[in-house]
Amino acid sequence: MTESIANPAAPLGIYVHFPWCLQKCPYCDFLSVAAARDAIPHRAYADAVLRELEARLPELTRAYRLETIFFGGGTPSLWATEELGRVLQALLAAFSASRAKEVEITAECNPTSLDLEKARALAAVGVNRLSLGVQGLDAERLAFLGRLHDPNGGLEAARAALESAMPRVSLDFIFGVAGQAAEQAAAEARTLAALGTTHLSAYALTIEPGTDFGARAKKGRLPLLEEAQVADSFLAVDEALSEAGFDHYEISNFARQGDVSRHNLGYWRGYDYLGLGTGAWGTVTLASGRVRYRTTPSPERFVGSRFTRPFEVALDTTAVVEPLDAETSLRERIMLGLRLAEGFDLQGAAAELGVPALPPERGRALDRLTARGRIEVADGRLRIPKSKWLFADGIISELL
Ligand code: SF4
């Protein structure tokens, strides 16, 4: 793809979904299917992703500059490394292999499928960032969360990732679990930070409908923390990681030395992203305009698909195709941009999209929110003050 000053290429992320896990966690509402490693169609799945790429690529009309690739799941560290590598090399070749070193390439991993050898193998095929789901450092809580590893397994995998040749490593953990005091959440954050990682993601446990936890909560059979206790943990984790030199740059994400997730920043800043793999969502610009789509969520259908007419709804190919008009795109930019500490340039985004920034109703909502200290406006940017991040969902919905 070419780039010129008159027509600069737009940044693009690629998301590749790998749907299998060794076991389904009871809180998880991602598209993930439990399977033994040997039962996964490693090669056939890679072939299907490559067919999907070949079908979707010619339909993209915008000049793109590939910035990031993210293998998410599911558990992509279960995927045979040579197959993940084959997909990765095809993606780089399809855009611009000469810039491969500048592309952030992340693979999500679980402790049960990551050791030193695996981390080195992933680095050897071109992955330059690992995102490891440690999720907790307490045996009872890990068992409650249905995780297959114990605290030591999580720590060993994290050390292996950090000792390997992998340039960047991010660790994920969950707080706000029943029985966990705020100080325990902060202590786990400190322990993970002390391993030497430069990126941490900290998620409050959420109970989603359609999950095992969702069903148990509905029957009143799931022990849960009070909202105020979760809020205390959020603040305690924020304090612990700030002291450890991390910048809290997004509601659930912390980085030191500027090591932010460029891929996720792309979502929050409203860049286009090409979704590949079963159940993946994507947002791309076609000749007909910008669309949001979802690849078929059935792994079996996906593996068998020929991907004819890739941007039309069909059982084996694409489950959803929705046009994204400028107003919808602006609402999404507001929703995602306000999750960031850097905030969001509402006027700039509205001008770019050619729609009014503040129709009367949104103007009134913004006045109310600024008067209550829930939004600050500075240097042309809107921001939710960090002390109000816990209420971000409500604040954002008022503005939409
Ligand atoms: S390992 Fe991750 S993707 Fe797989 S079931 Fe558990 S939470 Fe979901």
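In which sense do β7 and strand β8 (residues 199–204) pair, and over how many bridges? In this predicted model, the two strands pair in the parallel sense, over 6 bridges. The points below begin with strand β7 and its partners, then turn to Gln135, the nonpolar cores and a pair of helices.

**Strand β7 and its neighbours**

- Strand β7 spans residues 168–175, and 8 of its 8 residues are buried.
- Both faces of β7 are covered. One side carries Arg168, Ser170, Asp172 and Ile174, while Val169, Leu171, Phe173 and Phe175 lie on the other.
- Besides β8, β7 pairs with strand β6 (residues 129–135), also in the parallel sense and over 6 bridges.
- Within the pairing with β6, Leu132 stands opposite Leu171 of β7.
- Towards β8, Asp172 has Ser201 as its bridge partner.
- Between β7 and β8 the chain passes through helix α6 (residues 182–194), and this β-α-β crossover is right-handed.

**Glutamine 135**

- Gln135 belongs to strand β6.
- This residue counts as buried because its relative accessibility is 10%, and buried means under 20%.
- Three residues of β7, Asp172, Phe173 and Ile174, are touched by Gln135. Its contacts also include Tyr27, Leu142, Leu145 and Arg147, when residues up to four places away in sequence are not counted.

**Nonpolar cores**

- The largest nonpolar core has 93 residues. Those with the most contacts inside this core are Ile14, Ile69, Phe71, Trp79, Leu130 and Leu274.
- Helix α1 (residues 42–56) gives the most to this core, contributing 7 residues.
- A second, separate core has 9 residues, among them Cys25, Tyr27, Leu145 and Val177.
- Tyr27 and Leu145, both in the second core, are also touched by Gln135.
- Trp79, in the largest core, touches Val16, Phe18, Arg37, His42, Tyr45, Ala46, Val49, Phe71, Leu84, Val87 and Lys118, leaving aside residues up to four places away in sequence.

**Helices α13 and α14**

- Helix α13 (residues 360–371) packs against helix α14 (residues 392–399) at an angle of about 145°, and their axes are 8 Å apart.
- From α13, the residues in this contact are Arg362, Ala365, Leu366, Arg368 and Leu369; they meet Ile395, Glu398 and Leu399 of α14.
- By type, the residues of the contact comprise 5 nonpolar and 3 charged, with no polar ones.

How values were computed:
Residues are numbered from 1 along each chain as its sequence is written. This is a predicted model: local features need pLDDT of at least 70, side-chain atom pairs count only at pLDDT 80 or more; totals for chains, interfaces and linings use all residues. Side-chain values use heavy atoms; hydrogens and water are left out. A nonpolar core is a set of buried Ala, Val, Leu, Ile, Met, Phe, Trp, Tyr and Cys residues joined through side-chain atoms within 4.5 Å. Buried means under 20% relative accessible area, exposed over 50%, partly exposed in between (1.4 Å probe, protein chains only). Helices (H or I, at least four residues) and strands (E, at least two) are DSSP runs, numbered from the N terminus. Contact means heavy atoms within 4.5 Å. Axes are lines fitted to C-alpha atoms, for helices over the stretch in contact, and angles run from 0 to 180 degrees between N-to-C directions. Ala, Val, Leu, Ile, Met, Phe, Trp, Tyr, Cys and Pro count as nonpolar, Asp, Glu, Lys and Arg as charged, and the others, Gly among them, as polar. Two strands pair if DSSP finds at least two bridges between them. A crossover is right-handed if, with the strands pointing away from the viewer, the path from the first strand over the helix to the second runs clockwise.
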